[in-house]
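I opened this model to look at a few helices and then at the empty spaces inside the fold. My notes follow in the order in which I looked things up.

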Amino acid sequence: MRSIYLSPEHAAFRTTVRAFLQEHVLSAADAWEQERAISREAWHLFGQHGLLGLIHPKKFGGEERDLFHSIVFLEELGRTGYAGIRAGISAHAYMATHYVARYASENLQRSYLTPAIKGDKVAALAITEWDAGSDLSRLATTARPEADRFIIDGTKVFITNGMTADYYVVAVRTSPPEKNSKKANTGISLAIVDARLAGITTTSQEKLGWHGAGTAEIRFNAVSITSDNIIGRLNSGFLYLMRGFQLERLAAAALALGGIERCIESTLAYLTSRQAFDGKLSALQTVRHRITNLATELMSARMLVYHAAWSYQNDELSVTECSMAKLHTTELACRAADECLQLQGARGYLAASDISRIHRDARAATMAGGASEVMRDIIAQQVIDITARS
C-alpha cells in the first residue's frame, strides 16, 4: 500500500525483517515459551542483524535509522503472534537501552549500550513495584548515598527480561519526596545495576500469557553500585521517564498492530478452509461482516499509530498522540482476539491453538506501560482540562 509515512526503503526493510523472523523466531518461539525466555543465541542473531539498535547512534554500534524503520520492525515482531517474545525484545531495544542512549555518560554507553546493541548483554527496565506502577510517587526502592557509592534496597516486580538480563535500568529514590507538596515524584533517579551483583535475588513470575518474556520479581538487598552508574543527573529520573514513556507507548501500539494483523490472518486461514452449510464459513454474511469490521478498525488504528509516530519524530512530547495510540490499539487487540477466537470455535479454544495463545497474551498490553485507565486520564488532561483552562 502506498503511504505518506513509508517509503520503498521501509517496504524492503519489512520484507527483510519478516524473512528474519520467519527463519529465526517462529521456528524456535514455542521452545522459548516453554523455557520462559528468549535464547541467548537469538539475542546475538537480533544484534548481528542490526535489529536491537535501529534508533541508537552509530557511534555505539546502532543503525540510527528513522523512527518508521522501528515501526515496521515492531509491527512485524508483533505479527509473529508471540507477545512475550515481542515484549522482551521491545523492552530491551526501546525501553531499557533508550535511557542509556539518551541520558547516560559515554563510559556507561560504551559499557552497556554497545554490548546491548550487539546482543551480547540483555537489558531490563525495572520500575514497577507492588505498590508503585504508573504512580511513581509511591516508588519505595531507595538508593542511599555512601561515600562514592549508592546502596540500593527494595523490590521490583513484573520485570520483563528480569530472569535473563545482564543489567537493569532501575528507578530508585535518591532523595525523599518534598513534604506537603504535590511534587511527590521528586528525588527519583535512574541507575544501571549489574544483574550479578551481590544482594540481588530474582524469582520467576508465572503469568497467564507473555510466557517468553522472562518476567521476574527482583529483590535488591544492600546492593552497592558506584555513583558513576547513575544515569544522567541525580534526581532527574522522573523527567527522563515521563519522556521515555511516550516511546514505550508508541512501541506497544505498533506491536499491537502486528498482533491484530496476525489474529485476522489466522482466522481467515481457518474461515476459508472450514466447510459449513454447503460452503465455506468465509462465505457467510455474518462472518464476513465481522471480519470486515476488524479490518476497518485495524486500518484506522494503523493510521493513528503512524500519525503518532510522525508526531513523536517531530516532537518527543507527543503525549496525547502516543497515549491515544497505545490505548486504542491495545484495546482493539483484545477485542480482535475475542472475536477471532469465537469465529474459530472449538478448535480455536484448544490450548495449543494459535488464536488461544493470542487471546491470553492480548490483555497484558492494556496494563503494561500504563494501564488503559491511566491512558484515559492522561488524554482527558490534554483534551478536557487544558482546553478548559485556555
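I began with the length of α4, in what is a predicted model. At 1.5 Å a residue its 13 residues should span 18 Å, and because the C-alpha atoms at its ends are 18 Å apart, expectation and model agree. I then asked how much of α4 is covered, and found that 13 of its 13 residues are buried. Just after α4 I noted Gly 81, which takes a positive phi of about 85°.

I made the corresponding check on α1, which runs over residues 8–24: its 17 residues should span 24 Å at 1.5 Å a residue, and the end C-alpha atoms are 24 Å apart, which agrees. Which residues of α1 are buried? I listed His 10, Phe 13, Arg 14, Val 17, Phe 20 and Leu 21. They cover an arc of only 130° around the axis, so they sit on the same side of α1. The general background to this is that an α-helix has 3.6 residues a turn, so residues three or four places apart point the same way. Looking for the partners of these buried residues, I found that they pack against α3 (40–48), α4 (67–79) and α8 (285–314). On the face of α1 turned away from the buried side I recorded the exposed residues Pro 8, Thr 15, Thr 16, Gln 22 and Glu 23.

Next I looked up His 92, which lies in helix α5. Is His 92 buried or exposed? With a relative accessible area of 0%, His 92 is buried, because the cut-off for that class is under 20%. Leaving aside residues up to four places away in sequence, I found His 92 touching Trp 43, Leu 52, Thr 97, Ala 116, Lys 121, Val 122, Ala 123 and Asn 161.

I turned to the pockets, where the largest has a volume of about 990 Å³. It is lined by 37 residues, and those closest to its centre are Trp 210, Ala 364, Met 367, Ala 368 and Gly 369. The elements giving two or more residues to this lining are α5 (83–103), β3 (149–159) and α7 (237–271). By class I noted 19 nonpolar, 10 polar and 8 charged residues in the lining of the largest pocket.

For the second largest pocket I have a volume of about 490 Å³. Of its 16 lining residues, Ser 134, Phe 238, Met 242, Ile 378 and Gln 381 are the closest to the centre. Both α7 and α11 (372–389) supply at least two residues of this lining, which divides into 7 nonpolar, 6 polar and 3 charged.

Finally I went through the closed spaces and found 3 cavities of 30 Å³ or more. The largest cavity holds about 110 Å³ of space, and among the residues lining it is Gly 81, already noted for its positive phi just after α4. Which helix gives the most to the lining of the largest cavity? I found that α7 does, with 4 residues, while α5, α7, α9 (319–349) and α10 (354–362) each supply at least two. The lining of the largest cavity has 8 nonpolar, 2 polar and 2 charged residues.

The second largest cavity has a volume of about 50 Å³, and I listed Arg 36, Ser 204, Gln 205, Glu 206, Lys 207, His 211, Gly 214 and Thr 215 as its lining. In that lining I counted no nonpolar residues, 5 polar and 3 charged.

Methods. Residues numbered from 1 in each chain as written. Predicted model: local features only at pLDDT ≥ 70, side-chain atom pairs only at ≥ 80, totals over all residues. Heavy atoms only, no water. Expected span 1.5 Å × (residues − 1). Buried < 20%, exposed > 50% of the residue type's maximum accessible area, 1.4 Å probe, protein only. Arc of directions from axis to C-beta. Contact = heavy atoms within 4.5 Å. 1 Å grid on protein atoms, 1.4 Å probe; cavity = no way out; pocket = protein on both sides within 12 Å on 5 of 7 lines; lining within 4 Å. Points joined across faces, edges and corners; volume = space filled by probe spheres on them. Nonpolar A, V, L, I, M, F, W, Y, C, P; charged D, E, K, R; others polar.
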